[in-house]
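Biologist: I would like to learn how to read a model of a protein with its ligand. Could we begin at the ligand and then turn to the sheet?

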Amino acid sequence: MEDLQGRTAVVTGAASGIGAALARVLAAEGCRVVVSDVELDGAAAVADAITADGGSALAVRTDVADRGSVQELAAAARERFGLVHLLCNNAGVSYHRRGIHATYEDWRWVLGVNLDGVVHGITEFLPDMLDSGQECHIVNTASMNGIVPSAQSAMYSASKYGVVGLTETLHNELAGTRVGVTALCPAGVRTRITDSVRNRPAEAATADDTRPAHVPSGSFDLSPALDPEVVARMTVGGVREGRLYVFTDPKVKDLIVAHRERMLADFAPLDAFLAAR
Ligand SMILES: NC(=O)c1ccc[n+]([C@@H]2O[C@H](COP(=O)([O-])OP(=O)(O)OC[C@H]3O[C@@H](n4cnc5c(N)ncnc54)[C@H](O)[C@@H]3O)[C@@H](O)[C@H]2O)c1
């Protein structure tokens, strides 16, 4: 989608960090923007700033983990602006707790926002995009931890591997249509992601919270964390070029190569097993 002028974009998780930057950059490119977040005040502040700058924006409170809430978001966007051409499934949470120490509620919260949230966005927006026959695009915010395991949380990687897998598959399935799809895979970005618990709903809280203090299971050699505005501009560049992936840190390349080599090392010769039959 080369020309963004006059398009309508929906960005989830747009009250803060990468989502807020995406909303601002897309508005500057001439998009009408639906600024959606579970924190309505933050979303309204971003939408107001866009409007004050002469853009067109609508703030909507949405909990992406709740399918009904995403259905309401789609209806509000349609009613105000018509067809949504660009959907950024960006809302996400990170919880620094090893999978071995996680409660069921921890798993459900992280998977509910990070993976179900993307599924809800796709099911509610993609059919209209395909029916329209117009040029449309979906950006799913994954992470480098959708390709290389997280040092912080098995829950986070499970959710982000899911986002990468569904995005790659959609890319294949959408061949021959006018809908493109991109997996945004950032490394470090200066946002409020490490304070994600601020949005953890009471019903998703863990009753038994006597788990051990968190210790990461590894570490990565990464570049200094980026300003979210830079990541937003890289993302818009990826949409323009129709790229399947947007990576934000060149250092992740070596991590991916090492990870794939580790994976390939576990291929065992088949002969011994075939002979045993
Ligand atoms: N910051 C990083 O280093 C980094 C790296 C890789 C991937 N990411 C991904 O980028 C995305 C954006 O995160 P960020 O870093 O800007 O963090 P952030 O915390 O600054 O922003 C995330 C936004 O999502 C919103 N949100 C949380 N739960 C929600 C829900 N249930 N429904 C709707 N909105 C909800 C929050 O209110 C917040 O405004 C996430 O998907 C995250 O996993 C971030």
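Modeller: This is a predicted model. Start with a polar contact: a nitrogen atom of the ligand lies 2.9 Å from an N or O atom in the side chain of D63.

Biologist: Which backbone atoms does the ligand approach, such as a polar one of T62 or of I193?

Modeller: At T62, a polar backbone atom is 3.4 Å from a nitrogen atom of the ligand. At I193, a polar backbone atom is 3.4 Å from an oxygen atom of the ligand.

Biologist: How much of the ligand's accessible area does the protein cover?

Modeller: On its own the ligand has 830 Å² of accessible area, and the protein covers 96% of this.

Biologist: Which elements give two or more residues to the shell around the ligand?

Modeller: These are α1 (17-28) and α5. In total, 30 residues surround the ligand, and the closest are S16, D37, Y156, T191 and N199. By class, the shell divides into 13 nonpolar, eleven polar and six charged residues.

Biologist: Now the sheet. What is the order of its strands?

Modeller: In general, strands of a sheet pair through backbone hydrogen bonds, in either a parallel or an antiparallel way. Here seven strands form an open sheet with parallel pairing, in the order β3-β2-β1-β4-β5-β6-β7.

Biologist: Why is one side of β3 and of β7 left without a neighbour in the sheet?

Modeller: β3 (56-61) and β7 (245-247) are at the edges and each has a single partner strand, so one side of each has no neighbour in the sheet. From one strand to the next, the twist averages 15°.

Biologist: How many bridges join β1 and β2?

Modeller: β1 (residues 8-12) pairs with β2 (residues 32-37) over five bridges, in the parallel sense. Within that pairing, V11 has V35 in β2 as its bridge partner.

Biologist: Which strands do helices α4 and α5 touch?

Modeller: Helix α4 (residues 104-132) packs on the sheet and touches β1, β4 (86-89), β5 (136-141) and β6 (179-185). The direction of α4 makes about 170° with that of β4. Helix α5 (residues 154-173) also packs on the sheet, touching β5, β6 and β7, and its direction makes about 155° with that of β6.

Key
Residues numbered from 1 in each chain as written. Predicted model: local features only at pLDDT ≥ 70, side-chain atom pairs only at ≥ 80, totals over all residues. Heavy atoms only, no water. Pairing = 2+ DSSP bridges. Helix = DSSP H or I, 4+ residues; strand = E, 2+ residues; numbered from the N terminus. Axes fitted to C-alpha atoms, helices over the stretch in contact; angles between N-to-C directions. Contact = heavy atoms within 4.5 Å. Near = heavy atom within 4 Å. Polar contact = N/O pair within 3.5 Å; in protein donor to acceptor, adjacent residues only side chain to side chain. Areas by Shrake-Rupley, 256 points an atom, 1.4 Å probe, with all protein chains shown as cover. Nonpolar A, V, L, I, M, F, W, Y, C, P; charged D, E, K, R; others polar.
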